[in-house]
Amino acid sequence: MTRNAKINALLLLAVAALAVLPLVLGLGDHKEEPFAGADAEAETAITEIEPDYEPWFSPLYEPPSGEIESALFAVQAALGAGVLAYYFGVRRGRRQGEERAAALRDTPEGD
């Protein structure tokens with residue numbers, strides 16, 4: 001196994017551990033919604049500190065259910081990942097193209 005393959009395998013294992021360990025260890029079992037988002041946690045903390053708090057802004061769109069909200073978040077994450085993957089793919093392709101062009105320039109004409 002090459003060095004890069006070992007690093008990739010370790011990274012994949014770390015990501016899987018980050019996803020599975022909270023479930024296995026039972027983190028959040030004492031909460032009503034164990035894995036609520038940061039927005040919900042912040043809203044709860046704010047209302048505990050200041051019960052009369054009025055938000056400055058209201059959402060432009062309020063999804064009718066939590067499932068739709070989760071789906072929209074997943075679509076947003078997928079689009080972001082796609083943009084990043086495209087960017088890094090283009091960068092790598094350009095670098096490989098430059099390396100091939102440099103290798104062709106360096107080879108003698110007779111070969």
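**A charged patch on a helical chain**

In this predicted model, Asp39, Glu43, Glu62 and Glu69 come together on the surface as a patch of negative charge.

Me: Why is Glu69 called partly exposed?

Reply: Glu69 has a relative accessible area of 46%. Buried means under 20% and exposed means over 50%, with partly exposed in between. The 46% of Glu69 falls in between, so partly exposed is the right label.

Me: What makes Glu69 eligible for a patch, then?

Reply: Patch residues need over 30% relative accessible area and no salt bridge. Glu69 has 46%, so the area cut-off is met. Glu69 is listed in the patch with Asp39, Glu43 and Glu62.

Me: And where does Glu69 sit in the secondary structure?

Reply: Glu69 belongs to helix 3, which covers residues 66–106. The chain has three helices and zero strands, and the order from the N terminus is α-α-α.

Me: How do you know whether the chain matches a compact globule or not?

Reply: Compare the radius of gyration with the globule rule: a compact globule of 111 residues would come out near 13 Å, but this chain has 24 Å. So the chain does not match the rule. The C-alpha atoms fill a box of roughly 80 × 35 × 25 Å along the principal axes.

Me: How much of the chain counts as buried?

Reply: Just 2% of the 111 residues, going by the cut-off of under 20% relative accessible area. The chain exposes about 10600 Å², and carbon and sulfur atoms supply 63% of that.

Me: What about the charges overall?

Reply: There are 9 positive and 18 negative charges, and their mean positions lie 24 Å apart.

Note on methods:
Residues are numbered from 1 along each chain as its sequence is written. This is a predicted model: local features need pLDDT of at least 70, side-chain atom pairs count only at pLDDT 80 or more; totals for chains, interfaces and linings use all residues. Side-chain values use heavy atoms; hydrogens and water are left out. Patches are made of residues with over 30% relative accessible area and no salt bridge: like charges are joined within 9 Å, nonpolar side chains (Val, Leu, Ile, Met, Phe, Trp, Tyr) within 5 Å. Accessible areas come from the Shrake-Rupley method with a 1.4 Å probe; for residues, only the protein chains shown count as cover. A salt bridge is a side-chain nitrogen of Lys or Arg within 4 Å of a carboxyl oxygen of Asp or Glu. Lys and Arg count as positive and Asp and Glu as negative; His and the chain ends are not counted. The place of a charge is taken as NZ of Lys, CZ of Arg, CG of Asp or CD of Glu. Helices (H or I, at least four residues) and strands (E, at least two) are DSSP runs, numbered from the N terminus. Buried means under 20% relative accessible area, exposed over 50%, partly exposed in between (1.4 Å probe, protein chains only). The radius of gyration is taken over C-alpha atoms; the globule rule is 2.2 Å times the number of residues to the power 0.38.
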